[in-house]
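Visitor: Could you take me through one part of this model closely, namely its salt bridges, and set them in the context of the chain?

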Amino acid sequence: MSEKEQDIKLKKGVFGYSSKNVDGYLLEITANYDEQLRKRDERIAELTARVGELTEKLNAYEKERLDVANTLVAAQQKAQAMVDNAAKDAEAKKAALSAEVAQFENRRNQAKEAMEAFRKESIELMTKYRELVDTATRINPAKKDA
């Protein structure tokens, strides 16, 4: 009850309280309650509208969060695929280079063997030449001085 309601004094008549005063007081209370109910209903409507707005915002934020999460997952998957592909490519290139190195080493070894054979053959030829020169000198000593 408000202060005004507490201050109201109903007048007593012959048969109890004055019905005019009581009816007026009841109308006033009804009007006050009607006003309070109207204000409450307006406030409920405002809060309901606000809840609706906030729910829409929350749903939008949730959708945005899901979009960001999905984008991050997709980016992580793409990055992992790129790393995996790069590793496969590197492994393939490493294998190709290893094969190429093996070929070069094989050719180098063949060249070494050929050089060693050439060296041995050269030594043999030089030895034979020396022997021939020595033999020729022994057979014809005069040509040695000339």
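Guide: In this predicted model, a network of salt bridges links Glu35, Arg38, Lys39 and Glu42, and the structure holds nine salt bridges in total. The setting is a chain with three helices and two strands, arranged along the sequence as α-β-β-α-α. Helix α2 spans residues 19–139 and has the highest mean pLDDT among the elements of the chain, 95, whereas helix α1, residues 3–7, has the lowest, 51. Where pLDDT is low, predicted coordinates should not be read in detail.

Arg40 and Asp41 also pair through their side chains, with a nitrogen-to-oxygen distance of 3.2 Å; Arg40 is partly exposed at 46% relative accessibility, and Asp41 is partly exposed at 41%.

Further along the sequence, the side chains of Arg65 and Glu62 form a salt bridge at 2.6 Å, N to O. These two residues lie three apart in helix α2, so about one helical turn separates Arg65 from Glu62. Arg65 has a relative accessible area of 45% and is therefore partly exposed, as is Glu62 with 35%.

Arg119 and Glu116 likewise meet in a salt bridge, at 2.6 Å from N to O, and because they too are three residues apart in helix α2, they are separated by about one helical turn. Arg119 is partly exposed at 42% relative accessibility, and Glu116 is partly exposed at 32%.

As for the chain as a whole, buried residues make up 2% of its 146 residues, and about 13,500 Å² is exposed, of which carbon and sulfur atoms supply 59%.

Conventions. Residues are numbered from 1 along each chain as its sequence is written. This is a predicted model: local features need pLDDT of at least 70, side-chain atom pairs count only at pLDDT 80 or more; totals for chains, interfaces and linings use all residues. Side-chain values use heavy atoms; hydrogens and water are left out. Helices (H or I, at least four residues) and strands (E, at least two) are DSSP runs, numbered from the N terminus. Buried means under 20% relative accessible area, exposed over 50%, partly exposed in between (1.4 Å probe, protein chains only). Accessible areas come from the Shrake-Rupley method with a 1.4 Å probe; for residues, only the protein chains shown count as cover. pLDDT is the predictor's confidence in each residue, from 0 to 100. A salt bridge is a side-chain nitrogen of Lys or Arg within 4 Å of a carboxyl oxygen of Asp or Glu.
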